[in-house]
Amino acid sequence: MTERVFNFNAGPATLPLPVLEEAQREMLNYRGSGMSVMEMSHRSKEYEAINNEAEANMKELLGLGDNYRVLFLQGGASTQFAMVPMNFLQAGQRADYILTGSWSEKAQKEAAKLGQTHIAATTQEGNYKRIPSLEEIQLSEAPAYVHITSNNTIFGTQWQSFPDFGDIPLVADMSSDILCKLFDANKFALIYAGAQKNLGPSGVTVVVIRQDMIEKAATNIPTMLRYDIHAKNNSLYNTPPSYSVYMVNLVLKWLKAQGGLAAMEQRNLEKAALIYDVIDNSNGFYTGHADKDSRSTMNITFRLPNEDLEKTFASEATKQGMIGLKGHRSVGGMRASTYNAMSREGCQALSDFMKEFMRKNG
Ligand SMILES: Cc1ncc(COP(=O)(O)O)c(C=O)c1O
């Protein structure tokens with residue numbers, strides 16, 4: 001392959017080309033420092049500036065003020081599954097989980113090892129095709145927090161608007177849709193996301209946390225799992241994943257230059273429509289997994305009439321430079337991940353390919 005492909009992988013995923021080019025330009029000598037960011041002390045002025053800029057850019061994009069911090073941690077979103085209850089689920093309390101897919105199940109199971117949990121709603125019946133309605137959500141009495149997964153990477157569903165439980169802290173795993181659209185981040189007590197889908201390369205997990213949560217976080221747990229320690233130390237308690245943070249900052253700068261979240265939202269809706277329209281106009285040749293009112297703009301899941309055709313679809317797409325379209329085994333079929341960095345051209349190419357494939361095989 002001599003050309004860059006259209007990479008529809010779920011994560012690690014495609015990155016904006018201008019970001020990769022900027023990283024390439026700065027690779028050997030970062031702004032006259034004579035070294036790569038990879039080689040730089042995390043205690044240097046240069047790195048401190050990157051770290052601070054990444055936090056400021058994230059807050060600016062999310063419209064957050066001084067009552068929030070942004071932390072750059074390691075261990076992936078999977079470590080957050082444990083870190084959230086370790087810090088906020090005290091003895092005698094209960095935490096509520098809304099299950100919309102395998103990742104929320106994993107988050108809930110991890111919390112259940114550490115304390116009491118309550119499943120406030122689940123859409124498992126029907127294999128997580130949809131997001132529950134507000135009426136379906138039955139909270140326990142005074143839960144320590146409510147946890148949701150904003151976008152279900154495997155099933156291709158996404159919360160279209162977020163619930164509001166008043167003073168009860170709302171915690172969200174936004175690994176696969178953070179910064180994909182305008183939303184009121186001030187409604188959240190804590191947001192976490194592995195960077196490798198919509199924010200940058202793997203290796204860093206972004207945690208957006210409200211100040212009052214930092215203040216009430218547990219202190220009798222291992223140091224590296226304490227939010228207050230990471231916040232107090234500006235994410236520099238120990239050696240951070242510095243190159244990944246640098247890359248995330250380049251992505252954040254790119255996002256701002258694109259027009260921020262409102263522009264991304266518009267673009268993502270248009271990109272996803274290019275593919276959903278083919279599914280909806282295929283007379284059942286393509287069938288979407290997600291219910292229409294729960295569809296994700298980030299992960300588009302669909303099946304073909306049989307598994308042989310699905311295999312052929314994937315291999316022919318690969319030959320045409322579109323890779324990573326095989327779906328997750330628990331849904332089967334295909335999945336096109338169309339994160340912020342996936343270009344409109346990529347979605348158009350897939351849309352055209354789907355029409356042509358149906359013409360030949362339908
Ligand atoms: C919604 C969601 N949460 C959590 C994870 C796990 O993330 P990590 O691999 O960073 O632990 C993923 C990974 O695909 C995901 O899609």
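**Exercise 1.** Determine how the shell around the ligand divides by residue class, and which helix gives the most to this shell.

*Solution.* In this predicted model, begin by listing the residues that surround the ligand, which are Gly76, Ala77, Ser78, Phe81, Trp103, Thr149, Asn151, Thr153, Asp173, Ser175, Gln196 and Lys197. Next, assign each residue to a class, with Gly counted among the polar residues; the shell then comprises three nonpolar, seven polar and two charged residues. Finally, set the list against the secondary structure: helix α3, residues 76-88, gives the most to the shell, with four residues, while Trp103 is found in helix α4, residues 102-114.

**Exercise 2.** Find which ligand atoms lie opposite the polar side-chain atoms of serine 78, threonine 153 and lysine 197, and state how much of the ligand the protein buries.

*Solution.* Take the side chains in turn, looking for pairs of N or O atoms within 3.5 Å. For serine 78, a polar side-chain atom is placed 2.6 Å from an oxygen atom of the ligand; for threonine 153, the corresponding distance to a ligand oxygen is 2.5 Å; and for lysine 197, an N or O atom of the side chain lies 2.7 Å from an oxygen atom of the ligand. Then turn to the surface: the ligand taken alone exposes 400 Å², of which the protein buries 85%.

**Exercise 3.** Establish where the residues of the UniProt feature "binding site" lie, in sequence and in space.

*Solution.* The unreviewed UniProt entry places this feature at Ala77, Ser78, Trp103, Thr153, Asp173, Gln196, Asn238 and Thr239. These positions are spread over 163 residues of sequence, and they are also spread in space, with up to 30.7 Å between C-alpha atoms.

**Exercise 4.** Describe the chain over residues 37-64, and explain why the salt bridge between lysine 253 and glutamate 53 ties together parts apart in sequence.

*Solution.* The record, again an unreviewed UniProt entry, places the feature "coiled-coil region" at residues 37-64. Over these residues the chain is 64% helix and 0% strand, and the end C-alpha atoms are 28 Å apart. Methionine 38 lies in the loop between α1 (17-26) and α2 (45-62), and together with Met27 and Leu28 it forms a nonpolar surface patch with about 320 Å² of accessible area. Of salt bridges the structure holds twelve, and one of them joins the side chains of lysine 253 and glutamate 53 at 3.8 Å, N to O. Because lysine 253 belongs to helix α7 (residues 242-257) and glutamate 53 to helix α2, the pair ties together parts that are 200 residues apart in sequence.

How values were computed:
Residues are numbered from 1 along each chain as its sequence is written. This is a predicted model: local features need pLDDT of at least 70, side-chain atom pairs count only at pLDDT 80 or more; totals for chains, interfaces and linings use all residues. Side-chain values use heavy atoms; hydrogens and water are left out. Patches are made of residues with over 30% relative accessible area and no salt bridge: like charges are joined within 9 Å, nonpolar side chains (Val, Leu, Ile, Met, Phe, Trp, Tyr) within 5 Å. Accessible areas come from the Shrake-Rupley method with a 1.4 Å probe; for residues, only the protein chains shown count as cover. A salt bridge is a side-chain nitrogen of Lys or Arg within 4 Å of a carboxyl oxygen of Asp or Glu. Helices (H or I, at least four residues) and strands (E, at least two) are DSSP runs, numbered from the N terminus. A residue is near a molecule or strand if one of its heavy atoms lies within 4 Å of it. A polar contact is a pair of N or O atoms within 3.5 Å; within protein, one must be able to donate a hydrogen and the other to accept it, and residues adjacent in sequence count only if both atoms are side-chain atoms. UniProt positions are given in the numbering used here, feature names are shortened, and annotations may be inferred rather than shown by experiment.
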